[in-house]
Each structure stands twice: as structure tokens, then as C-alpha cells.
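User: Hey, can you walk me through this protein? I'm new to reading structures.

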Amino acid sequence: MRLQELTRPWAAFNYGFLDESAKRELRRRILKAIAVPGYQVPYASREVPMARGWGTGGLQVTLTLLKPTAVVKVIDQGADDSVNACSIRKFFGRVGGVIETQDTQEATIIQSRHRIPEEKLRDDQVLVLQVPDPEPLRTVQSDMSVAREMHGDADYGQLWLVLYEQLVKSGRIMQYTEYPSLVNGRHVISPSPIPRWDVLKLNEADHLTILSAGREKRIYAVPPHTRVEPLVFDDVPYRVEDHQDKTCYRTNVTGFFMNELPQDDGSAKFELSDSHFGVKHMRKSQGETIEIGDTWYKNGKMDQ
């Protein structure tokens with residue numbers, strides 16, 4: 001047998017970059033993840049034109065969901081205009097012919113790293129979260145085979161112990177990101193490195209959330225209208241970042257998640273982490289007719 005017999009004739013890349021076999025496998029894994037909320041489904045993570053650890057899991061899921069009528073928004077830690085967000089968004093436009101947007105309200109697929117938009121997502125939108133480490137038990141159990149057994153037995157006692165130790169040593173729970181959360185009363189997940197502010201947005205949400213770790217080859221999901229409960233003690237309520245009194249210096253908007261910008265004189269300024277949410281407020285203040293969607297938070301508190 002010759003090498004030429006094993007190769008195929010040259011052809012342009014498939015729609016959405018991934019071959020159809022890879023897309024079929026990913027769709028099956030996504031369906032299983034939706035059927036068992038919070039369960040980590042293994043999949044054959046493919047090579048994509050991006051280094052492992054830079055969002056290859058989210059990239060593969062979004063490529064699988066692409067269609068010519070899709071409207072795609074890409075977020076990198078709240079920003080739409082970072083190098084990573086712009087590069088990924090343009091890649092989707094090139095390989096899928098999709099419509100690119102920075103507006104949360106316009107998007108049908110939102111791929112994000114470390115943040116969930118401030119505006120509420122609808123039931124016709126899909127949120128794809130990039131996940132560097134999908135295993136919430138890694139800090140207490142380094143052997144992943146044992147960790148899988150613990151998930152099967154719903155044995156999360158060691159996670160509770162870690163939270164208790166933080167309370168005893170520091171007087172409060174110090175887990176700021178990747179806060180362990182119970183999905184549908186069964187599986188504890190790591191909700192990607194989103195801040196505690198964003199974890200509550202997953203609870204009983206209208207939209208589908210798919211979390212994918214390309215390096216670890218794991219997919220899990222939070223279907224619409226599914227309970228997501230951060231692990232908390234009955235007498236110690238869950239606390240989000242206290243940004244109620246923070247005001248964005250660019251938009252004068254208060255009550256939303258802010259980035260702190262240290263100044264040369266030792267002081268600090270604050271700006272909205274959700275960059276396009278801030279842009280919409282600025283354009284509205286200048287007299288433009290801009291539609292700003294409903295938000296999960298009102299005046300720094302979760303809208304119940």
C-alpha cells in the first residue's frame with residue numbers, strides 16, 4: 001500500500017471548519033449533556049487553529065452549532081473588543097459565513113470566557129462557556145478515577161469541608177470564581193471561571209448553557225429552567241461581589257459588575273465589565289434610540 005492511496009484529493013475545508021463526523025459526535029455528546037444536567041460527558045476534542053487552554057472547547061461547540069443564519073457574539077472577560085474575542089469572532093465569520101455582532105440582544109449564539117452578559121438571555125439563545133478545568137473535585141481529589149466515583153455516589157463531603165475551612169480561617173468563603181454549584185439536585189459542577197456574580201444567572205434561566213473544556217475533553221450543560229444552587233450553608237447565605245455602590249466612570253451606571261482600574265495616585269476607577277452593555281448606555285445618553293434588554297440584577301441585587 002502506498003501513501004497516495006491513504007490520502008484524499010485536496011478539497012476546501014468543510015463548512016464550519018470541523019468535518020461532519022466530528023460535528024455528529026459533538027452533537028450526540030451535547031444531547032447527552034442536556035439529558036443529564038451537570039454530568040461531564042467525554043468527547044474526542046479535535047485540533048483547531050488555537051492553542052489548548054485558549055478556548056478550544058467553546059470553539060468546537062460553537063462551530064458545531066453554526067449555520068449561515070446564526071448571529072454570533074464572542075466575549076473575553078466581558079469585553080467584545082479584545083484580541084482573543086475579535087479573532088474568534090472573525091474566525092466564525094470566515095468559516096461559517098455567520099453574522100457577527102457585539103449586541104447581546106441580537107446574538108443567537110454567545111461564546112464567552114469568564115463572564116455572562118448583564119442582559120438576560122432568551123430561550124432562543126445559546127450560551128457557550130469556555131472552561132479551563134471542568135472538575136470541581138480536583139482541589140480535593142487529584143485522582144480523576146476516584147473523582148468520577150465520587151460524582152457517581154454524589155459524594156461531595158470534601159467540597160463542603162473546604163468551604164467550612166475557609167469560613168473558619170477567614171470568616172467568609174473565599175471562593176471567588178468557579179464556585180461549586182449543584183445542578184438539578186444531583187451533580188456538582190464548576191461553572192467555569194465566572195465570578196460569583198454570574199453564577200445566579202444560570203439558575204432557572206430561559207437559555208441553554210453549554211460548558212466545554214477542550215484540553216480536558218469534557219462537555220456538560222445546564223438546560224433551560226434548571227435549578228443551579230451554589231453550595232452554601234443554611235446559616236451562611238451566598239454572597240456575590242458587593243458592587244452596589246460602584247459607579248462606572250464612563251457611563252455613570254451603577255449596580256452592575258465592575259472592573260477596578262487602579263490609578264497612579266493610589267485611587268481606583270470603575271467601569272462596566274460588560275463592555276457593550278456600557279457602550280449601549282453611552283449611546284443612549286447621547287440621544288440615540290438604543291434598546292437595552294432586561295437585566296438579572298437591579299441596583300446591585302439579583303432580581304427575584
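Analyst: Here's a quick chat about one residue, one helix and the cores. The model is predicted, so local features need pLDDT of at least 70 and side-chain atom pairs count only at pLDDT 80 or more, while totals for chains, interfaces and linings use all residues. Residues are numbered from 1 along each chain as its sequence is written, and side-chain values use heavy atoms, leaving out hydrogens and water.

User: Cool. Where is Q141 found?

Analyst: Q141 is in the loop between β5 (126-130) and α5 (144-152). Helices (H or I, at least four residues) and strands (E, at least two) are DSSP runs, numbered from the N terminus.

User: And why does Q141 count as buried?

Analyst: Because its relative accessibility is 16%, and buried means under 20% relative accessible area (1.4 Å probe, protein chains only).

User: What does the side chain of Q141 reach?

Analyst: The backbone nitrogen of D143, at 3.0 Å.

User: New topic: in the largest nonpolar core, which residues touch the most other members?

Analyst: L137 and L272, out of 43 residues. A nonpolar core is a set of buried Ala, Val, Leu, Ile, Met, Phe, Trp, Tyr and Cys residues joined through side-chain atoms within 4.5 Å. The largest share of this core, three residues, comes from α6.

User: How many residues of α3 are buried?

Analyst: Nine of the ten in α3 (residues 56-65). Among them are T56, L59 and L63.

User: What do those buried residues pack against?

Analyst: α2 (20-35), α4 (83-96), β4 (109-113), β5, β8 and β9.

How values were computed:
Buried means under 20% relative accessible area, exposed over 50%, partly exposed in between (1.4 Å probe, protein chains only). A polar contact is a pair of N or O atoms within 3.5 Å; within protein, one must be able to donate a hydrogen and the other to accept it, and residues adjacent in sequence count only if both atoms are side-chain atoms. Contact means heavy atoms within 4.5 Å.
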